[in-house]
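Hi,

Here is the structure I said I would pass on. Have a look, and my notes on it follow underneath.

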Amino acid sequence: MSAATSGRMAAHLARLAAAPLTGRQLGAIHGEFRRLGYRDRWDRAARLTATAALARCTPIATTKDLTEGEAGRVVGILRQCADADDLAAALAAARPEPRRWLAAALAALAGPRARTPRARRALKS
């Protein structure tokens, strides 16, 4: 790889790590979650928890908090999911540690009635 190619690659990776997600990425993430069953506004916390897990980032307050690179990772994973079961498997593979955080993400997918008090506490932290 030449020095010029290496420099362009480094600049591209830096942009992915720092630039905010694009409007198309935001629409794609929301569209994929709707396709997988996250249609209700009450699913927002579960969707954001799942998004952060798939992006492998800290918990987020809004999908717009993602960088372009993180959003690209999330879109790629969501497009490979055929249904909610595939999404649950992707979440289990995305964040094997810490277990408490994973349990909270999986509990969020199960819906508000299935959440235990322990999972709700984990979601708040």
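Salt bridges first: counting side-chain nitrogens of Lys or Arg within 4 Å of a carboxyl oxygen of Asp or Glu, I get one salt bridge. Bear in mind that this is a predicted model. The pair is Arg35 with Glu32, and their closest N and O atoms sit 2.6 Å apart. Both residues belong to helix α2 (residues 23–35), where they are three residues apart, or about one turn of the helix. As for how much of each is accessible, Arg35 comes out at 39% relative accessibility, so it counts as partly exposed. Glu32 is at 14%, so that one counts as buried. As general background, side chains of opposite charge can pair when their charged atoms come close.

Next, disulfides: the count is zero. The rule there asks for a pair of cysteine sulfur atoms within 2.5 Å. Two cysteines you may want to look up are Cys57, which is buried with a relative accessible area of 11%, and Cys81, which also counts as buried, at 5% relative accessibility.

Then there is helix α4, which covers residues 68–80. Does its length fit what a helix of 13 residues should span, and what are the two values? At 1.5 Å a residue the expected span is 18 Å, and the end C-alpha atoms are 19 Å apart, so the two agree. Which residues of α4 are buried? They are Glu68, Ala71, Val74, Val75 and Leu78. These cover an arc of only 120 degrees around the axis, so they lie on the same side of α4.

Cheers

Methods: Residues numbered from 1 in each chain as written. Predicted model: local features only at pLDDT ≥ 70, side-chain atom pairs only at ≥ 80, totals over all residues. Heavy atoms only, no water. Helix = DSSP H or I, 4+ residues; strand = E, 2+ residues; numbered from the N terminus. Expected span 1.5 Å × (residues − 1). Buried < 20%, exposed > 50% of the residue type's maximum accessible area, 1.4 Å probe, protein only. Arc of directions from axis to C-beta.
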